Amino acid sequence: MSVDSYISDHQEKFLEGLFTFLRFPTISTSVSHQKDLIDCCEWLANHARSLSFEKVQVHQTKGHPILTGELRSPNPSAPTILVYGHYDVQPVDPLHLWRKDPFEPFLDGDRIIARGAADDKGQVWMHFCSIETYLAVYGSLPVNIKLLIEGEEEIGSVHLIPFIKEHKQELSGDVFVISDTGLFADELPTICDGLRGLVYFEVDLYGPNRDLHSGTYGGSIDNPAFELARLISRLKTDKGVITIPGFYDHVRGVPEDVKALWATLPFDEDKYCMELGVHSTSGESGFTTLERLWARPTLEVNGLLSGFVESGAKTVLPAKAHCKISCRLVPDQEPKDIERKFVRFVQELCPPGCRIEIKLHHGGKPVLVDRNNRFIQAGKRALRDAFQKEPVFVRAGGSIPIVAAFKDVLNLDSVLLGFSQPNENAHSPNEWLSLKHFIYGVRSLSRFWGEAAK
Ligand code: BES
Ligand code: MN
Ligand code: MN
């Protein structure tokens with residue numbers, strides 16, 4: 001039997017397994033779901049055992065558990081591929097915008113709808129299905145596979161970093177393969193060769209010791225809401241350039257040949273705007289939209305809160321104002337360096353009538369992978385064969401913080417073979433994964449094991 005016919009014969013079973021996986025409400029940021037993450041990790045461990053993985057272990061951490069396991073090839077000179085993915089998901093709010101319960105998956109036409117369908121359970125599941133397929137069709141694997149599946153990616157992989165430091169030996173191998181990125185366009189096979197990094201801050205501005213009557217006091221002292229707005233507006237020029245001194249110091253330019261390749265990608269600016277309900281793209285001047293998304297750092301406000309926000313009017317001078325600000329980083333910016341520069345600059349911008357507090361959250365380093373890596377080439381052949389189309393190389397605007405640590409700590413490169421799409425609502429209501437792309441993913445990964453052994 002061929003790989004593709006095994007996959008189509010077992011599509012229903014694969015989907016059933018995925019639906020069970022998706023039913024675990026594995027929201028890593030919320031303490032009330034701790035038990036669900038444990039249950040999910042154990043369920044996945046049992047599934048790995050059923051596929052004949054050995055040394056399957058659920059490692060408890062101070063946070064959520066990490067799954068490891070090994071499947072050995074009978075070929076003693078087979079390379080070892082590490083598979084990384086995450087079973088945790090983002091919160092589901094606003095809940096009322098979901099068509100159904102986010103953890104009750106359903107199929108609507110080509111759409112598998114549930115939290116985690118695209119990011120990342122659906123893609124982790126492609127790996128399991130492809131391994132099952134390969135074993136069923138060929139009896140054994142041509143590569144050794146080591147699993148490393150975590151439950152804290154969406155909260156910065158805080159416990160995975162020390163874990164890989166402590167388990168260097170067990171995590172030895174040749175390369176990581178990760179499906180947590182996307183296709184550039186419908187049915188267009190895509191390899192991602194760059195991820196942005198991240199730094200994340202909470203900035204709180206405090207004024208008077210309590211909310212005040214804005215008539216009695218307005219005009220006499222600083223208003224934290226207004227001052228925070230002013231502070232934020234000073235972080236970028238009207239040309240979209242970030243004003244933090246030294247922010248761009250280590251930003252690496254994009255080689256001309258890479259720029260030329262990006263310019264040939266099927267990117268339609270008007271369609272992009274239409275899908276997002278905006279009239280035009282914008283951002284740092286002098287760069288194309290794809291360059292700004294993939295090769296330029298950003299500074300974004302992720303949340304903003306102050307004063308009276310209920311319906312109606314209240315004349316109040318608020319005591320405090322809060323915001324969350326993050327920066328996406330590109331090679332060779334260092335999160336620690338940017339954190340220092342951000343904190344110093346923002347502290348200087350604090351008006352004399354206010355007090356400022358800056359908190360740091362999790363972050364991660366940017367990543368660039370070498371396209372000439374033999375496993376990237378194997379990925380390219382696998383995709384080409386599965387899609388019957390020439391794969392494209394792209395970067396991603398998003399971040400997978402652990403990927404840089406795989407290189408720094410384990411000296412391992414990563415092949416980023418992802419099958420979701422930007423419009424699949426990752427982190428948003430009604431997250432979905434295309435069933436068609438799910439099948440392409442399983443077909444591609446089934447081929448990848450063979451190509452990686454060549
Ligand atoms: N799978 C995404 C990363 C991603 C997004 C890759 C888009 C390619 C395209 C991942 O689960 C994610 O959401 N990462 C967070 C990291 C953060 C929480 C530390 C991100 O990018 O915001
Ligand atoms: Mn993800
Ligand atoms: Mn995510």
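In the predicted model, an oxygen atom of ligand 1 is placed 3.1 Å from a polar side-chain atom of Glu 154. Two further polar contacts involve nitrogen atoms of the ligand: a side-chain N or O atom of Asp 180 lies 2.8 Å from a nitrogen of ligand 1, and a backbone N or O atom of Ser 399 is 2.8 Å from a nitrogen of ligand 1. On its own, ligand 1 has 520 Å² of accessible area, of which the protein covers 82%. The surrounding shell comprises 15 residues, with Glu 153, Asp 180, Arg 328, Ser 399 and His 427 the closest. Divided by class, this shell holds 6 polar, 5 charged and 4 nonpolar residues.

Some of the residues in contact with ligand 1 also serve as metal donors. Asp 180, whose side chain makes a polar contact with ligand 1, supplies two OD entries to the coordination of the manganese ion (ligand 2), alongside His 86 (NE2) and Asp 119 (OD), at 2.0 to 2.4 Å. The arrangement at this ion is irregular because its 6 donor atoms subtend angles of 56 to 164°, whereas six octahedral donors would ideally give 90 or 180 degrees. Along the sequence, the donor residues of ligand 2 follow the spacing H-x32-D-x60-D. Distant parts of the chain are linked here, with His 86 in strand β3 (residues 80-86) and Asp 119 in the loop between β5 and α4, 33 residues apart. His 86 is buried, at 0% relative accessibility.

The manganese ion (ligand 3) is coordinated at 2.0 to 2.6 Å by Asp 119 (OD), by Glu 154 through two OE entries, and by His 427 (NE2). Glu 154 thus recurs from the polar contact with an oxygen of ligand 1, and His 427 from the list of residues closest to that ligand. The site of ligand 3 is likewise irregular, with angles of 56 to 158° among its 6 donor atoms. Its donors are spaced D-x34-E-x272-H along the chain. Asp 119, in the loop between β5 (111-113) and α4 (121-138), and His 427, in the loop between β17 (414-416) and β18 (432-434), are 308 residues apart.

The two manganese ions, ligand 2 and ligand 3, are separated by 3.6 Å, and Asp 119 coordinates both. Asp 119 is buried, with a relative accessible area of 12%. His 427, by contrast, is partly exposed, at 41%.

Note on methods:
Residues are numbered from 1 along each chain as its sequence is written. Chains are lettered from A and ligands numbered from 1 in the order in which they are written. This is a predicted model: local features need pLDDT of at least 70, side-chain atom pairs count only at pLDDT 80 or more; totals for chains, interfaces and linings use all residues. Side-chain values use heavy atoms; hydrogens and water are left out. Donors are N, O and S atoms within 2.8 Å of the metal (3.2 Å for Na, K and Ca); water is not among the atoms, so sites may look incomplete. Four donors count as tetrahedral if all angles lie between 85 and 135 degrees; four count as square planar and six as octahedral if opposite donors are over 155 degrees apart and all others between 65 and 115; anything else is irregular. Helices (H or I, at least four residues) and strands (E, at least two) are DSSP runs, numbered from the N terminus. Buried means under 20% relative accessible area, exposed over 50%, partly exposed in between (1.4 Å probe, protein chains only). A residue is near a molecule or strand if one of its heavy atoms lies within 4 Å of it. A polar contact is a pair of N or O atoms within 3.5 Å; within protein, one must be able to donate a hydrogen and the other to accept it, and residues adjacent in sequence count only if both atoms are side-chain atoms. Accessible areas come from the Shrake-Rupley method with a 1.4 Å probe; for residues, only the protein chains shown count as cover. Ala, Val, Leu, Ile, Met, Phe, Trp, Tyr, Cys and Pro count as nonpolar, Asp, Glu, Lys and Arg as charged, and the others, Gly among them, as polar.
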